[in-house]
2 protein chains.
Amino acid sequence: MYKPKHHIFVCSSSRINGEQKGFCLQKGAVDIVNSFMEEIMERELDGDVMVTNTGCIGICSKGPIVIVYPEGVWYGSVTADDVEEIMDSHIEGGEVVARLAL
Amino acid sequence: MYKPKHHIFVCSSSRINGEQKGFCLQKGAVDIVNSFMEEIMERELDGDVMVTNTGCIGICSKGPIVIVYPEGVWYGSVTADDVEEIMDSHIEGGEVVARLAL
């Protein structure tokens, strides 16, 4: 089934008109998306965990933004270096990463 | 607070490199996003309901895709004409629109 247990949304400032600008994009959103994809594949979680890039979430000053549903956990100021901890603690361990949570 | 009660994600095939192609985009995703934004504003639900465009969800043949979290309801073959019903039935009425649900 295509519906994941955890759906990770990464703001990549992807404008609907294709324009390539925005805070999260400038601050490494592409690296964050790629890191999640790598971690998901390495852990063989690709049936259970999906990562999707998004357009602007509207709280740019707290970016880069990562949101995990259905939990509804919002993370701010995320970098690619934080991805492993989010995967270990939250996705696999069930513990929200408090230092990044908004 | 910026965390919405309902977070509506609309696949707009927004590629992380800004390329403007993909099934959902071709099939009216921009109109769907705009319709949700208009309905949310008209109903004064902009504190409770957020709409965000996304990159490819990976089930293009079932597109355009709309996903509502935290419920985890996935809708397929959505058009802008379906937006009012999703808002009435699901968002305001709590009833999933069965004919569109995946």
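The exercises below, each with a worked solution, concern a predicted model.

**Exercise 1. Strand 1 of chain A**

Decide how many of the residues of strand 1 of chain A are buried, and say what follows for the strand.

Solution. Begin with the cut-off: a residue is buried if its relative accessible area is under 20%. Next, take the two faces of the strand in turn. A:His6, A:Ile8 and A:Val10 point one way, while A:His7, A:Phe9 and A:Cys11 point the other way, and all are buried. The count for residues 6–11 is therefore 6 of the 6, so strand 1 of chain A is largely enclosed by the rest of the structure.

**Exercise 2. The partners of strand 1**

Find which strands pair with strand 1 of chain A, and in which sense each runs.

Solution. Start with strand 2 (residues 49–54) of chain A: it runs parallel to strand 1, and 6 bridges join the two. In this pairing, A:His6 has A:Val49 opposite it. Then turn to strand 3 (residues 66–69) of chain A, where the sense is antiparallel and there are 4 bridges. Here A:Val10 stands opposite A:Val66.

**Exercise 3. The nonpolar cores**

Locate the largest nonpolar core and name the element that gives the most to it.

Solution. The largest core has 42 residues, and B:Ile8, B:Val10, B:Phe36 and B:Tyr75 have the most contacts inside it. Now list the contributors. Elements that each supply at least two residues of this core include strand 1 and strand 3 of chain A, and, from chain B, helix 2 (29–42) and helix 3 (83–92). Helix 2 of chain B gives the most, with 5 residues. A second, separate core has 20 residues, among them A:Val10, A:Phe36, A:Val49 and A:Met87.

To follow one member of the largest core, take B:Ile8. Leaving out residues up to four places away in sequence, B:Ile8 touches residues including B:Phe36, B:Val51, B:Ile67, B:Met87 and B:Ile91.

**Exercise 4. The interface of chain A and chain B**

Describe the interface by its contacts, its buried area and its polar pairs.

Solution. First, the contacts: 29 residues of chain A meet 29 residues of chain B. Second, the area: the chains bury about 2,400 Å² between them, with 66% of it on carbon and sulfur atoms. On the side of chain A, A:Tyr2, A:Ile16 and A:Tyr69 supply 28% of the area buried against chain B, more than any other three residues. Third, the polar pairs: there are 0 salt bridges between the chains, whereas 12 residue pairs are in polar contact across the interface. Last, the elements: strand 1, helix 2 (29–42), strand 2 and strand 3 of chain A give two or more residues each to the side that touches chain B. Strand 2 of chain A gives the most, with 4 residues.

Terms used. Residues are numbered from 1 along each chain as its sequence is written. Chains are lettered from A and ligands numbered from 1 in the order in which they are written. This is a predicted model: local features need pLDDT of at least 70, side-chain atom pairs count only at pLDDT 80 or more; totals for chains, interfaces and linings use all residues. Side-chain values use heavy atoms; hydrogens and water are left out. Buried means under 20% relative accessible area, exposed over 50%, partly exposed in between (1.4 Å probe, protein chains only). Two strands pair if DSSP finds at least two bridges between them. A nonpolar core is a set of buried Ala, Val, Leu, Ile, Met, Phe, Trp, Tyr and Cys residues joined through side-chain atoms within 4.5 Å. Contact means heavy atoms within 4.5 Å. Buried area is the accessible area (1.4 Å probe) that two parts lose on being put together, summed over both. A salt bridge is a side-chain nitrogen of Lys or Arg within 4 Å of a carboxyl oxygen of Asp or Glu. A polar contact is a pair of N or O atoms within 3.5 Å; within protein, one must be able to donate a hydrogen and the other to accept it, and residues adjacent in sequence count only if both atoms are side-chain atoms.
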